[in-house]
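Opening the notebook on a new fold today. I want to go from the overall surface down to single residue pairs and write down what I look up on the way.

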Amino acid sequence: MAVFERAWRVPPDHPAFAGHFPGHPIVPGVVLLDHAVVLAGQHLGLQGGAWQVTQAKFLSPCGPGDELVFALQDGARGGVSFVVRCGDRDVASGSLQPSTP
């Protein structure tokens, strides 16, 4: 199974911080999922395709300026599983499946 890794430093001015949460901003789970979907598309050569989130767990918060490492691994039926890490802690994990038309 191939592993595809990419690092992403969360921009301190990311627009998602506007409501999550004043005084102690955290990256919303949907932003992590969106980034995982984009990377899965790059990894599998399916940019612009639709994806289904078949599983997602959000384990630890991350915030502005954090460097996140997304590790994707080939999964069943053309999908991928992913883990998002910040340093030595897991932030999120899950699996994605390309949608069928």
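How much accessible surface does the protein have, and what share of it belongs to carbon and sulfur atoms? I get about 5,800 Å² for the accessible surface, with 55% belonging to carbon and sulfur. Note to self: this is a predicted model.

**Overall build**

I counted one helix and five strands. Reading from the N terminus, I get the order β-α-β-β-β-β. The radius of gyration is 14 Å and the globule rule gives 13 Å for 101 residues, so the protein is as compact as a globular protein of that length. Along the principal axes, the C-alpha atoms fill a box of roughly 40 × 30 × 20 Å. I also looked up burial: 35% of the 101 residues are buried. Then contacts: among those with a separation of 6 or more, 61% are between residues 24 or more positions apart.

**The sheet**

Next I traced the strand order. The five strands make an open sheet, β1-β3-β4-β5-β2, and the pairing is antiparallel. At the edges I find β1 (3-9) and β2 (51-58), each of which pairs on one side only. Ignoring direction, neighbouring strands are turned by 20° against each other on average.

Then I went through the pairs.

- β1 and β3 run antiparallel and are joined by seven bridges. In this pair I noted F4, which stands opposite L72 in β3.
- β3 (residues 67-74) and β4 (residues 80-86) pair over six bridges, in the antiparallel sense. I wrote down three partners across this pair: V69 stands opposite R85, F70 opposite V84, and A71 opposite V83.
- β4 and β5 are antiparallel too, with seven bridges between them. V84 turns up again here, with A92 of β5 as its bridge partner.

**The turns**

I checked two hairpins for positive phi. The hairpin of β3 and β4 has five residues between the strands, and R77 takes a positive phi near 55° there. The hairpin of β4 and β5 has two residues between the strands, and G87 in that turn has a positive phi of about 65°.

**The helix**

Where does α1 pack, and which strands does it touch? Helix α1 (residues 29-44) packs on the sheet and touches β1, β2, β3, β4 and β5 (89-98). Its direction makes about 50° with that of β3.

I also checked the length of α1. At 1.5 Å a residue, its 16 residues should span 22 Å, and the end C-alpha atoms are 22 Å apart, so the two agree. Just after α1, G45 takes a positive phi of about 70°.

**Who is covered**

Which residues of α1 are buried? My list reads V31, L32, L33, H35, A36, L39, A40, G41 and H43. I put a mark beside the two histidines on it, H35 and H43. The cover over the buried residues of α1 includes β1, β2, β3, β4 and β5.

Last, I split β4 by face. V80, F82, V84 and C86 lie on the covered face, while S81, V83 and R85 lie on the uncovered one. Going back to my pair list with that in hand, V84 of the covered face is the residue opposite F70, and V83 of the uncovered face is the one opposite A71. R85, also on the uncovered face, has V69 opposite.

Note on methods
Residues numbered from 1 in each chain as written. Predicted model: local features only at pLDDT ≥ 70, side-chain atom pairs only at ≥ 80, totals over all residues. Heavy atoms only, no water. Pairing = 2+ DSSP bridges. Helix = DSSP H or I, 4+ residues; strand = E, 2+ residues; numbered from the N terminus. Axes fitted to C-alpha atoms, helices over the stretch in contact; angles between N-to-C directions. Contact = heavy atoms within 4.5 Å. Rg over C-alpha atoms; globule rule 2.2 N^0.38 Å. Buried < 20%, exposed > 50% of the residue type's maximum accessible area, 1.4 Å probe, protein only. Areas by Shrake-Rupley, 256 points an atom, 1.4 Å probe, with all protein chains shown as cover. Expected span 1.5 Å × (residues − 1).
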